[in-house]
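Me: I am in my first year and would like a close look at one part of this protein. Please take the nonpolar core and what lies around it, and explain it step by step.

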Amino acid sequence: RCALLADNDPRWIGAYFGVLRLGAVAVPLDTNYKAGQVRTVLENCDARVLFTTAKFRATAEAAAPKKRRKH
């Protein structure tokens, strides 16, 4: 699954169809979501990739799961 966090423009459409072409599942995200909401969706859908733009970079970085430490 590949999540998409971007405005609805030609780049979004290209990313969406690119994901489908690869045989993956596209998971569009509402651009009004806060970082916590984005993180919840990413975790629940088990997204492996998040496509975004500079406009939503801060939200995407804040939503990124924390790396787990190996003990």
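Reply: What follows starts with the whole chain, goes on to the core, and ends with some residues around it.

The model is predicted. The protein has three helices and three strands, and from the N terminus on they run in the order β-α-β-α-β-α. The radius of gyration is 12 Å, close to the 11 Å that the globule rule gives for 71 residues, so the protein is as compact as a globular protein of that length. Along its principal axes, the C-alpha trace spans about 40 × 25 × 20 Å.

Of the 71 residues, 25% count as buried. The exposed surface comes to about 5,500 Å², and carbon and sulfur atoms supply 52% of that area. Among contacts with a separation of 6 or more, 66% are between residues 24 or more positions apart.

Now the core. The largest nonpolar core has 10 residues: A3, L5, V27, L29, A35, V38, L42, C45, F56 and A63. Two or more of these residues come from each of strand 1 (2–5) and helix 2 (35–45). Helix 2 gives the largest share, four residues. Another core lies apart from this one; it has six residues, including C2, L4, V19 and A26.

L5 is a useful member of the largest core to follow. Leaving out neighbours within four places in sequence, L5 is in contact with L29, D30, T31, V38, L50, F51, T52, T53, F56, T59 and A60. Of these partners, L29, V38 and F56 are also listed in the largest core.

T53, another partner of L5, lies in the loop between strand 3 (49–52) and helix 3 (57–63). Is T53 buried or exposed? Its relative accessibility is 19%, and the limit for buried is under 20%, so T53 counts as buried. Setting aside residues up to four places away in sequence, T53 touches L5, A6 and R11.

R1 lies in the segment before strand 1. R1 has 46% relative accessibility and therefore counts as partly exposed. Beyond its neighbours within four places in sequence, R1 is in contact with V25, V27, C45, D46, A47, R48 and V49. Two of these, V27 and C45, belong to the largest core. R1 and A47 are 46 residues apart along the chain, yet their C-alpha atoms are separated by 4.6 Å.

D46, also in contact with R1, is found in the loop between helix 2 and strand 3. D46 is not a glycine, but it has a positive phi of about 60°. With a relative accessibility of 38%, D46 counts as partly exposed.

Helix 2, which gives four residues to the core, also holds E43. E43 has 52% relative accessibility; the limit for exposed is over 50%, so E43 counts as exposed. From C-alpha to C-alpha, E43 and R11 are 24 Å apart in space, and they are 32 residues apart in sequence.

Last, the charges. The protein has 13 positive and 6 negative charges, and the mean positions of the two groups are 8 Å apart.

How values were computed: Residues numbered from 1 in each chain as written. Predicted model: local features only at pLDDT ≥ 70, side-chain atom pairs only at ≥ 80, totals over all residues. Heavy atoms only, no water. Rg over C-alpha atoms; globule rule 2.2 N^0.38 Å. Buried < 20%, exposed > 50% of the residue type's maximum accessible area, 1.4 Å probe, protein only. Contact = heavy atoms within 4.5 Å. Areas by Shrake-Rupley, 256 points an atom, 1.4 Å probe, with all protein chains shown as cover. Lys, Arg positive; Asp, Glu negative; His and termini not counted. Charge placed at Lys NZ, Arg CZ, Asp CG, Glu CD. Core = buried A, V, L, I, M, F, W, Y, C linked by side-chain atoms within 4.5 Å.
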